[in-house]
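Student: Please give me a close look at one part of this molecule. I should like to follow how it packs against its surroundings.

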Amino acid sequence: MGTNWRYVEARTGRTVNEKTVLNALAQADAVFVGEQHNDPQTHLVEFWLWQQLAGRWRDRAALAMEMLERDGQKPLDDYLAGRIDEPTFRKSANFWKTYDTDYRAMVEDARKRRAPVVGSNAPQVVVRKVGREGLAALTDADKTYLAWPVLAPEGDDYHKRFVAIMNEGAAHGGRAMSVEQIGRTYQAQCVRDQAMADAVAKTLDAGKRVMHVNGSFHSDAGLGTVQRLLWLRPRTRVALVKCHAVTEPTRADVSKLATEADWLVIVPSTPE
């Protein structure tokens with residue numbers, strides 16, 4: 001735990017201790033940890049949470065990650081089982097460029113515990129194809145690592161949030177996108193969410209309890225990946241954690257985050 005981290009019950013805004021958060025999370029079947037990809041402190045939070053939950057869940061613990069893709073599961077399994085070494089594993093799967101600094105420690109800890117690690121994300125080659133051409137362009141081969149069909153409903157809360165984010169980026173100097181481009185990009189987002197939800201559901205069906213690490217947009221307000229998991233497994237006990245980096249955690253106003261998660265971990269926006 002970080003000395004300047006603040007734990008908050010999102011619904012009430014009440015600051016609590018770490019034991020309160022961990023006791024609640026340990027009761028869930030699936031814990032979604034929403035991170036800020038570019039903030040080092042949020043990666044420390046998720047590593048700490050993984051260690052704590054794995055210690056409580058013991059042989060039922062499983063780690064699932066947006067940062068590893070489903071078509072790389074076999075080499076990942078082979079590495080975890082000791083059938084191949086790490087260099088061979090890294091040649092056989094796609095890695096985020098920040099894997100070494102942000103995510104490797106969790107994978108290595110799971111390996112030591114003999115806990116499964118699940119690459120939950122859709123293959124990037126497929127995601128990019130949908131972003132360029134839309135869902136209709138996918139072939140049967142493209143769908144191999146997807147949970148099909150992928151629904152991309154428009155007009156619901158998640159779609160509205162996504163469009164707002166796209167338009168906000170353009171308003172702040174980002175590339176302006178046409179309505180059609182935003183539509184395809186949203187479909188690609190839904191491909192990711194559906195693949196991740198399916199991966200978590202299958203891991204739960206195998207008798208495990210799962211901590212899933214993802215960018216916070218995928219789990220904020222119980223939408224995105226979380227919503228799709230509950231479509232697949234309506235009775236799943238889900239807990240949501242949102243890591244939020246600010247300049248002064250102890251003084252931050254978190255009222256606007258009340259509906260974004262069950263628990264907030266407020267961390268300093270620069271490393272301790």
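Tutor: The following account concerns one helix, its partner helix and the core. The structure is a predicted model in which local features need pLDDT of at least 70 and side-chain atom pairs pLDDT 80 or more, while totals for chains, interfaces and linings use all residues. Residues are numbered from 1 along each chain as its sequence is written, and side-chain values use heavy atoms, without hydrogens or water.

Helix 2 spans residues 40-57 and helix 5 residues 99-113 (helices are DSSP runs, H or I, of at least four residues, numbered from the N terminus). Their axes come within 9 Å and cross at roughly 10 degrees (axes are lines fitted to C-alpha atoms over the stretch in contact, with angles from 0 to 180 degrees between N-to-C directions). The two helices are therefore roughly parallel (an angle under 35 degrees). On the helix 2 side, the contact includes His 43, Phe 47 and Trp 50 (heavy atoms within 4.5 Å). Helix 5 contributes, among others, Tyr 103, Met 106 and Arg 113. By type, the contact residues comprise seven nonpolar, three polar and four charged (Asp, Glu, Lys and Arg are charged; Ala, Val, Leu, Ile, Met, Phe, Trp, Tyr, Cys and Pro nonpolar; the others polar).

The largest nonpolar core has 43 residues, and Val 31 and Met 211 touch the most other members (buried nonpolar residues, Pro not among them, joined through side-chain atoms within 4.5 Å; buried means under 20% relative accessible area, 1.4 Å probe, protein chains only). Helix 2 gives the most to this core, namely seven residues. Beyond its neighbours within four places in sequence, Val 31 is in contact with residues including Leu 53, Trp 57 and Met 211. A second, separate core of 23 residues includes Phe 32 and Leu 257.

Note on methods. Angles under 35 degrees count as roughly parallel, over 145 as roughly antiparallel, 65 to 115 as roughly perpendicular and the rest as oblique. Buried means under 20% relative accessible area, exposed over 50%, partly exposed in between (1.4 Å probe, protein chains only).
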